[in-house]
Amino acid sequence: MSEGSKNDVQTLSVRRELKKRLQYPGSHAGEGIEHRYLLPRDQSGQSDEILVRTGAENPQRMTCALQSRSENNAGRNSSFPSFVGDNKTGNNHGRFSFFLRYGLVYHIRYEPRRSKFILVSMSGGRLRMTAPWTYIKDLPSREGADVTVRGWLYNMRSSGKIHFLQLRDGTGTVQGVMVKKEVSEEDFSAAKSLWLEASVEVTGTVRKDDRAPSGVELSVASVSVIQNPADEYPIGKKDHGIDFLLDNRHLWLRSSRQQAIMRIRERVIWSAREFLHNDGYLLVDSPIISGAAGEGVSGLFEIDYFDSKAYLAQTGQLYAEAAAAAFGRVYCFGPTFRAEKSKTRRHLTEFWMLEPEVAFFDHKDNMDLQERLICHIVSSVLEHCGNELAALERDVSKLENIKAPFYHLQYGEAIEMLKKLGSDTLYGEDLGNDDETILTQQFDRPVFIECYPKSVKAFYMKEHPENQDLVLCDDLLAPEGYGEIIGGSQREDSYERLVARIREQGLPEEPYDWYLDLRRYGTFVHSGFGMGIERVVAWIAGLQHIREAIPWPRTIYRLKP
RNA sequence: UCCUCGGUAGCUCAAUCGGCAGAGCGGGUGGCUGUUAACCACUAGGUUCGAGGUUCGAGUCCUCGCCGAGGAGCCA
């Protein structure tokens, strides 16, 4: 490996130049494409050239030839005249590798959409053509094949003459079985000295084995160590405390549990956007830096904005309302910030919120949309994240039960119910965290709490037509004690009443002049809501704490990593 | 800001009424050809968060401080 590290230095210095040179196009429409690439000069001042030709009938079939002009590479041309790859039938994903001097291997890939070749990577140290590597998730379908896996060693067990290398590469895990008499003495002893989370390239044969979770194992032929850590890996195999794990969040993400959570998070976001896109919603993002407060100044992060003050967005809603007047059905999705000094399992100072806003939707249409969105997200996670839910030991039956219709409670009914359950929250007060927990434990599906008192809700919510003390809003509480995941409302569309509400709450009018314009110029019935991504993820994944639902949690005392 | 709990080996945690500072994992050495957080033997590893106090004696009790967690309030 000392040989490799020497080359790595050289790699860095030539990489930049090579990338530059790989940019000239030279394509000829209709016929095959021919590219010539000059490679960096060697010590003698000569340059090599790569000649790449693509077939006219199939641009992805190509031949590559190294034409050497330099003396110390002249012999290579004959021993390495060309390399033919086929992206359709081959398993190399269109990547081609050239061995060149310095012991470097250049990996070049054809990019069909740009009709050009791009430099994928360079590696050094081994005098061979590197096979493109295989992702662990694909191994079950490659039984019997000789493959190379690149990844990290997350655990190792040894029985003297046999090593069990537990490998992960982000797509899955596989056990590499290394038998002493089947590999070189160097590889066997090198493997024994590996520490956890060493980065390795393992070559071997995919072999069926009923004992393996994925059904296959890798019979190791050779191990190439990319880096063996200098120190012991901080996160061990036994339990750790939450504080330690959060301090090591950058490493904690490698664990199978965190990987499962992040995949579920991605599925939640993906499925939500898929649902909205397919339903005709346009993504119109809102600014993160804003001169005006969204829902009152108390929980805002203030920043210096040149010579004036600005705030980090608490919500994109006001902007979404403006966009709804332009595009009808819109949503925004991005990080939002709350400077509350909350220290609970449901709060972060930075969290992601999905905020649809719909023209000509009333309170009821709004709740219907929320219900359909949540159902779609849950069923999508169930469909695509079975392995992840299993890894988290989530009770899937609880999620399979999430189907329309959800329960509905009027605020007054909720207070009555809470009184019977022992809460001392009075009519007119907002529901506390305990109240939400108690309430959601009564239901096996999400429950809407509708029409809260005006006094505890934001100024932009529309008054209830039959009771001026209430507003047309809804909180959607997730079951199993998780509580509020969505807050929504029909918006006040009357200019006069909106101005009155702003004054009632003692807010300055000037920052809202543009917002009031929406009621001056073609006002319209409209509704929307905000869904907290991390809370939805925490609920679906069954997490104890919201901070596991975001890659880099920001809480009051945690800015690092 | 308030309430509650906690801080002991690299990590997770014990330590009875105030009486010799302990275990597992991780590290080191040796053993083991089917291990699944492998196992077995041996071994190294400590300013018990800090300052002060009570006591023959403090990880343990008292005071103050620092740090963290859970909860309240507020919210998604």
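Begin with chain A as a whole, which contains 15 helices and 25 strands. Please keep in mind that this is a predicted model. Colour the chain by burial: of its 561 residues, 49% are buried. If a surface is then drawn, chain A exposes about 27700 Å², and carbon and sulfur atoms supply 50% of that area. The chain also brings together distant parts of its sequence: among contacts between residues at least 6 apart, 60% join residues at least 24 apart.

**First stop: the interior**

Select Ile374, Met531 and Ile540. These residues have the most contacts inside the largest nonpolar core, a group of 47 residues. To display the elements around them, select α6 (256-278), β17 (329-337), β18, α8 (363-384), β23 (473-478), β24, β25 (526-532) and α15 (533-541), each of which gives two or more residues to this core. The largest share, nine residues, comes from α6. In soluble globular proteins, nonpolar side chains tend to be buried together.

Now centre the view on Ile540. Which residues is Ile540 in contact with, leaving aside its neighbours within four places in sequence? They are Ile264, Val268, Ile377, Val378, Val381, Leu389, Arg394 and Leu399.

Next, select Tyr411, Ala414, Ile449 and Ala458. They are included in a second, separate core, which has 27 residues.

**Second stop: the RNA**

Select RNA strand B together with its surroundings. In total, 51 residues surround the strand, and the closest are Asn155, Arg157, Glu217, Lys237 and Arg535. Colouring this surface by residue class shows 25 charged, 15 polar and 11 nonpolar residues.

Which element gives the most to the surface near RNA strand B? It is β24, with four residues. This strand, spanning 483-490, is one of several elements that each supply at least two residues there. Among the others are β8 (146-158), β9 (162-168), β10 (173-179) and α12 (433-440). Note that β24 also gives two or more residues to the largest core, as does β18, and β18 (350-359) likewise supplies at least two residues of the surface near the RNA.

**Third stop: individual contacts**

Turn to the backbone atoms of three residues. At Ser159, a polar backbone atom is 3.3 Å from a phosphate oxygen of RNA strand B. At Gly160, a backbone N or O atom lies 3.4 Å from a base nitrogen of the RNA. At Gly487, a backbone N or O atom lies 3.5 Å from a sugar or linking oxygen of the strand.

Finally, select the atoms of RNA strand B within 4 Å of the protein: 53% belong to sugar or phosphate, and the rest to bases.

Methods:
Residues numbered from 1 in each chain as written. Chains lettered and ligands numbered in written order. Predicted model: local features only at pLDDT ≥ 70, side-chain atom pairs only at ≥ 80, totals over all residues. Heavy atoms only, no water. Near = heavy atom within 4 Å. Polar contact = N/O pair within 3.5 Å; in protein donor to acceptor, adjacent residues only side chain to side chain. Nonpolar A, V, L, I, M, F, W, Y, C, P; charged D, E, K, R; others polar. Buried < 20%, exposed > 50% of the residue type's maximum accessible area, 1.4 Å probe, protein only. Contact = heavy atoms within 4.5 Å. Areas by Shrake-Rupley, 256 points an atom, 1.4 Å probe, with all protein chains shown as cover. Core = buried A, V, L, I, M, F, W, Y, C linked by side-chain atoms within 4.5 Å.
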